[in-house]
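Reader: I'm new to this structure and would like a close look at just one part of it. Could you pick a helix and walk me through what surrounds it?

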Amino acid sequence: MYTGRITTLVALLLLLLRSAHGGWLHQDADIMGTRITVELFHEDPQLARRGVAAVLAEMRRIDAEMSPFIASAELARLNRSAAQAPFRTSEELFRLIQRSLDFSRLTEGAFDITFASVGFLYDYRKGVRPDDSRRQEAVTAIDYHNLVLDEGQQSIRFSKPGVRIDLGGIAKGYAVDRCIRILQDMGIDHALVTAGGDSRMIGDRWGRPWTIGVRDPRKADALVAVIPLQDVAVSTSGDYQRYFEEDGVRYHHIIDPQTGDSARELRSVTIIGPDATTTDALSTSVFVLGPEAGLALVDRLDGIDAILVDRHGKLHYSRDLQPAVDHGKGAGGSEGTP
Ligand code: ADP
Ligand code: MG
């Protein structure tokens with residue numbers, strides 16, 4: 001009979017769903033000074049578990065080499081010695097610094113890993129910042145041209161003392177891309193990997209797109225937009241992650257390389273693009289560039305979209321995005337969280 005057949009079908013579907021559910025895993029961890037999230041599916045629960053473990057291991061590996069705070073990290077060693085003599089780097093670090101310089105050229109210096117020449121003088125947790133004269137003195141060391149790369153030797157030298165680099169504007173996106181690559185190589189085609197404000201997803205989630213909420217920069221539990229996404233990367237940079245206020249001025253971790261002071265034209269920038277290294281670097285860049293120059297850059301780039309919240313709380317979208325955005329509909333999730 002008809003109903004009998006439907007009942008069988010429903011039972012079969014339920015069974016399928018349940019076995020599918022068995023392979024979905026979700027894990028959070030604190031690595032790289034931020035929250036790491038992995039969510040993935042594979043029919044083989046053992047393989048799914050190995051996927052999660054591989055992601056966490058890769059995040060830890062990259063943190064151990066690219067943190068400026070871990071004395072033994074390759075990046076910290078480079079910072080300590082490259083003003084005296086060329087420092088030979090691993091191929092991986094050399095390539096990532098080369099990519100950082102590509103973004104410096106693309107953004108006419110808005111993205112600049114030598115921002116750290118001033119950046120290290122801030123401690124946002126303790127509310128510490130350089131006074132104006134100290135900042136103006138240190139800002140002269142900010143310029144990506146101060147990095148001298150020797151491709152043959154795979155070495156990096158700082159052309160003057162006082163130069164420091166920090167990959168905080170690109171390394172998390174890079175780490176997310178590495179993890180996604182590892183998962184794809186394992187045969188996992190449904191996954192989300194997030195490191196702080198940087199995410200990338202492969203495939204869909206329960207046959208539907210992933211949804212990413214863009215947080216209200218001034219209300220921790222409110223969203224200004226919800227975007228359905230699939231097979232892309234998305235990064236958000238905000239002035240509410242690491243900051244302190246002094247005399248009504250907000251000092252936060254995104255630094256305008258021209259001034260050595262925090263960039264203040266925007267409150268948050270969300271970038272959608274093909275890979276997380278790109279979206280990470282561009283979210284920081286557009287934050288520094290501000291709404292006009294930032295959106296002009298995004299609209300010039302193929303396959304890149306942006307949602308901006310300016311310093312008055314007003315939303316701005318890149319040219320191609322408007323129809324895809326679902327204004328504040330639904331709840332759940334926060335910045336960078338599906
Ligand atoms: P997060 O995910 O840590 O909030 P963002 O993508 O918003 O990171 O980038 C902010 C980080 O980028 C800062 O903590 C700092 O390490 C680095 N940074 C700050 N200003 C610049 C800049 N002008 N160019 C490149 N990197 C920067
Ligand atoms: Mg970034």
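Author: Let's take helix α7 and its neighbours, then step outwards from there. Keep in mind that this is a predicted model.

Helix α7 covers residues 171-185. One of its partners is helix α8, residues 276-289. The two axes sit 7 Å apart, and the helices pack at an angle of about 165°. Because angles over 145 degrees count that way, α7 is roughly antiparallel to α8. As for the sense of the crossing, α7 passes α8 in a right-handed one. On the α7 side, the contact is made by Ala171, Lys172, Gly173, Tyr174, Val176 and Asp177. On the α8 side, Ala276, Thr277 and Asp280 take part. Sorted by class, the residues of this contact are 4 nonpolar, 2 polar and 3 charged.

Now turn to helix α2, residues 45-66, another partner of α7. Here the axes come within 9 Å and cross at roughly 145°. This crossing, too, is right-handed, with α2 passing α7. From α2 the contact takes in Gly51, Ala54, Val55, Glu58, Met59, Arg61, Ile62 and Met66. From α7 come Tyr174, Ala175, Val176, Arg178, Cys179, Ile182 and Leu183. By class, that contact has 11 nonpolar residues, 1 polar and 3 charged. If you compare the two lists, you'll find Tyr174 and Val176 in the contact with α8 and again in the contact with α2.

Next come the charged side chains of α7. Side chains of opposite charge can pair when their charged atoms come close. Start with Asp177, which you have already met in the contact with α8. Asp177 forms a salt bridge with Arg200, and their closest N and O atoms are 2.7 Å apart. This pair links distant parts of the chain: Asp177 belongs to helix α7, while Arg200 is in strand β7 (residues 198-202), 23 residues apart. Both Arg200 and Asp177 are buried.

Further along the helix, Arg181 and Asp185 meet through their side chains in a salt bridge, at 3.6 Å from N to O. This time both partners lie in α7, 4 residues apart, or about one turn of the helix. An α-helix has 3.6 residues a turn, so residues three or four places apart point the same way. Asp185 and Arg181 are both exposed, whereas Arg200 and Asp177 are buried.

There's also a network to look for. Salt bridges that share partners join Glu58, Arg61, Glu92 and Arg178 together. Among these, Glu58 and Arg61 of α2 and Arg178 of α7 also appear in the contact between those two helices. Across the whole structure, a search finds 20 salt bridges.

From here, step over to helix α4, residues 91-106. Arg95 in α4 meets Glu151 in a salt bridge, 3.2 Å from N to O. Glu151 is in the loop between β4 (147-150) and β5 (155-158), so to speak a distant part of the chain, 56 residues apart from Arg95. How exposed are these two? Glu151 has a relative accessible area of 47%, so Glu151 is partly exposed. Arg95 is at 34%, and therefore also counts as partly exposed.

Ser100 is in α4 as well. With a relative accessibility of 0%, Ser100 counts as buried. Leaving aside residues up to four places away in sequence, Ser100 touches Phe111, Ile113, Leu167 and Ile170.

Helix α3, residues 74-81, brings some of these elements together again. Its buried residues are Glu74, Leu75, Ala76, Leu78 and Asn79. Those buried residues pack against α2, β3 (87-88), α4 and β5.

Finally, here are two loop residues to find on your own. Glu108 lies in the loop between α4 and α5 (116-119). Its phi is near 50°, a positive value in a residue other than glycine. Met32 has a positive phi too, about 60°, although Met32 is not a glycine. You'll find Met32 in the loop between β1 (24-31) and β2 (34-41). Glu108 counts as exposed, at 73% relative accessibility, whereas Met32 counts as buried, at 14%.

Notes:
Residues are numbered from 1 along each chain as its sequence is written. Chains are lettered from A and ligands numbered from 1 in the order in which they are written. This is a predicted model: local features need pLDDT of at least 70, side-chain atom pairs count only at pLDDT 80 or more; totals for chains, interfaces and linings use all residues. Side-chain values use heavy atoms; hydrogens and water are left out. Axes are lines fitted to C-alpha atoms, for helices over the stretch in contact, and angles run from 0 to 180 degrees between N-to-C directions. Angles under 35 degrees count as roughly parallel, over 145 as roughly antiparallel, 65 to 115 as roughly perpendicular and the rest as oblique. A crossing is left-handed if the near helix is turned anticlockwise from the far one by less than a right angle, and right-handed if clockwise. Contact means heavy atoms within 4.5 Å. Ala, Val, Leu, Ile, Met, Phe, Trp, Tyr, Cys and Pro count as nonpolar, Asp, Glu, Lys and Arg as charged, and the others, Gly among them, as polar. A salt bridge is a side-chain nitrogen of Lys or Arg within 4 Å of a carboxyl oxygen of Asp or Glu. Buried means under 20% relative accessible area, exposed over 50%, partly exposed in between (1.4 Å probe, protein chains only).
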